[in-house]
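Visitor: I'm new here and would like someone to walk me through this one. Could you show me the structure?

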Amino acid sequence: MRTIIFTSLALIAFAANAVLCRLALGEQSIDAAGFTIIRLTSAVVVLGLILAFRGSASAIEHHGSWRAAFMLFLYAASFSFAYLTLTTGSGALVLFGSVQLTMILVSLHRGDRLGWLEWTGVVLAFGGFVWLVLPGIAAPSAAGFALMTVAGIAWGAYTLLGRGSTKPLSDTSANFLRTLPFLALLLPVLLWRRQLTTEGVSLAMSSGAIASGVGYAIWYRALAGLNSTSTAVVQLSVPVIAAAGAWYSWQRQFPSALPCPP
């Protein structure tokens with residue numbers, strides 16, 4: 001039951017990230033570099049405050065890893081820049097397809113073997129996912145496709161690195177903290193583009209503080225009760241949750257409009 005609860009909360013956080021990223025970058029209220037920098041920095045601040053409140057901030061250097069931190073940075077940066085050229089459907093298909101393939105291939109390489117029921121579940125889950133996003137799929141740009149593939153591989157690697165976590169909050173906090181040196185790579189792009197608005201900064205802070213920082217800590221906690229196949233498959237539900245949340249928000253904002261947003 002704990003695994004179900006933590007997994008559900010984490011998937012909701014992932015969906016919120018997708019919606020917040022789309023709102024910020026789709027409306028061009030912030031550039032991709034600025035969104036990534038503010039997102040990761042906000043997560044560091046919030047997680048640091050949580051650890052300080054719990055009195056466990058001093059031991060953070062003994063948790064997490066530089067490998068996981070780099071994968072986290074690579075995912076966040078690639079994800080943001082990819083969504084500048086991809087539609088929601090195309091982005092979701094490439095991202096979660098890459099995540100699933102990465103995790104399954106790594107599991108097979110490690111010697112795990114999937115039974116026919118597990119393979120059937122994977123095929124049905126991915127088939128249903130493709131059917132869901134099919135209306136929004138357009139031919140992706142080469143750059144967008146490459147960036148989102150990198151994002152999917154990086155997220156799959158970050159998830160696999162967290163499967164043995166015994167201190168999810170400390171490990172997640174340490175990983176986010178170690179992303180800060182990598183953010184220097186984005187500063188030239190930020191200074192070049194420098195497209196920041198109050199709305200865009202607020203969306204990036206919300207994505208980092210809650211959906212990323214707290215959400216990823218919950219995800220590391222959920223991984224303790226999931227095998228590799230389940231971990232890969234359950235993430236295919238994120239576009240469904242994101243679509244439901246977007247539809248609900250649309251209905252609240254425009255109650256007299258059509259049932260679905262354009």
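Guide: What follows is a short chat about the helices and how they pack, based on a predicted model.

Visitor: What makes up the fold, helices or strands?

Guide: Helices: the protein has 11 of them and zero strands. Read along the sequence, the pattern is α-α-α-α-α-α-α-α-α-α-α.

Visitor: How much of the protein counts as buried?

Guide: Of its 262 residues, 45% do. To count, a residue needs under 20% relative accessible area. The protein exposes about 13000 Å², with carbon and sulfur atoms supplying 70% of that.

Visitor: What share of the contacts links residues 24 or more positions apart?

Guide: Among contacts with a separation of 6 or more, 88% are of that kind.

Visitor: Let's zoom in. Why is α7 called mostly covered?

Guide: The cut-off for buried is under 20% relative accessible area, and 10 of the 11 residues of α7 are buried. Pro168, Leu169 and Phe176 are among them, and so are Asp171 and Arg178.

Visitor: Which helices do those buried residues of α7 pack against?

Guide: They pack against α2 (32–54), α3 (66–82), α6 (142–161) and α9.

Visitor: Why are α7 and α9 called oblique to each other?

Guide: The axes of α7 (residues 168–178) and α9 (residues 198–222) cross at roughly 130°. Roughly perpendicular covers 65 to 115 degrees, and roughly antiparallel means over 145. The angle of roughly 130° fits neither, so α7 and α9 are oblique. Their axes come within 8 Å, and the crossing is right-handed.

Visitor: Which residues make that contact between α7 and α9?

Guide: From α7 come Pro168, Leu169, Asp171, Thr172, Asn175 and Phe176, while α9 brings Ser212, Gly213, Tyr216, Ala217, Tyr220 and Arg221. By type, they divide into six nonpolar, four polar and two charged.

Visitor: And what makes α1 and α2 oblique?

Guide: Here the axes of α1 (residues 2–26) and α2 cross at roughly 140°. Roughly antiparallel would need an angle over 145 degrees, so α1 and α2 count as oblique. The axes of α1 and α2 come within 10 Å, and this crossing is right-handed.

Visitor: Which residues meet there, between α1 and α2?

Guide: Asn17, Leu20, Cys21, Ala24 and Leu25 of α1 meet Ala32, Phe35 and Arg39 of α2. That group splits into six nonpolar, one polar and one charged.

Note on methods
Residues numbered from 1 in each chain as written. Predicted model: local features only at pLDDT ≥ 70, side-chain atom pairs only at ≥ 80, totals over all residues. Heavy atoms only, no water. Axes fitted to C-alpha atoms, helices over the stretch in contact; angles between N-to-C directions. Helix = DSSP H or I, 4+ residues; strand = E, 2+ residues; numbered from the N terminus. Parallel < 35°, antiparallel > 145°, perpendicular 65-115°, else oblique. Left-handed = near helix turned anticlockwise from the far one by under 90°. Contact = heavy atoms within 4.5 Å. Nonpolar A, V, L, I, M, F, W, Y, C, P; charged D, E, K, R; others polar. Buried < 20%, exposed > 50% of the residue type's maximum accessible area, 1.4 Å probe, protein only. Areas by Shrake-Rupley, 256 points an atom, 1.4 Å probe, with all protein chains shown as cover.
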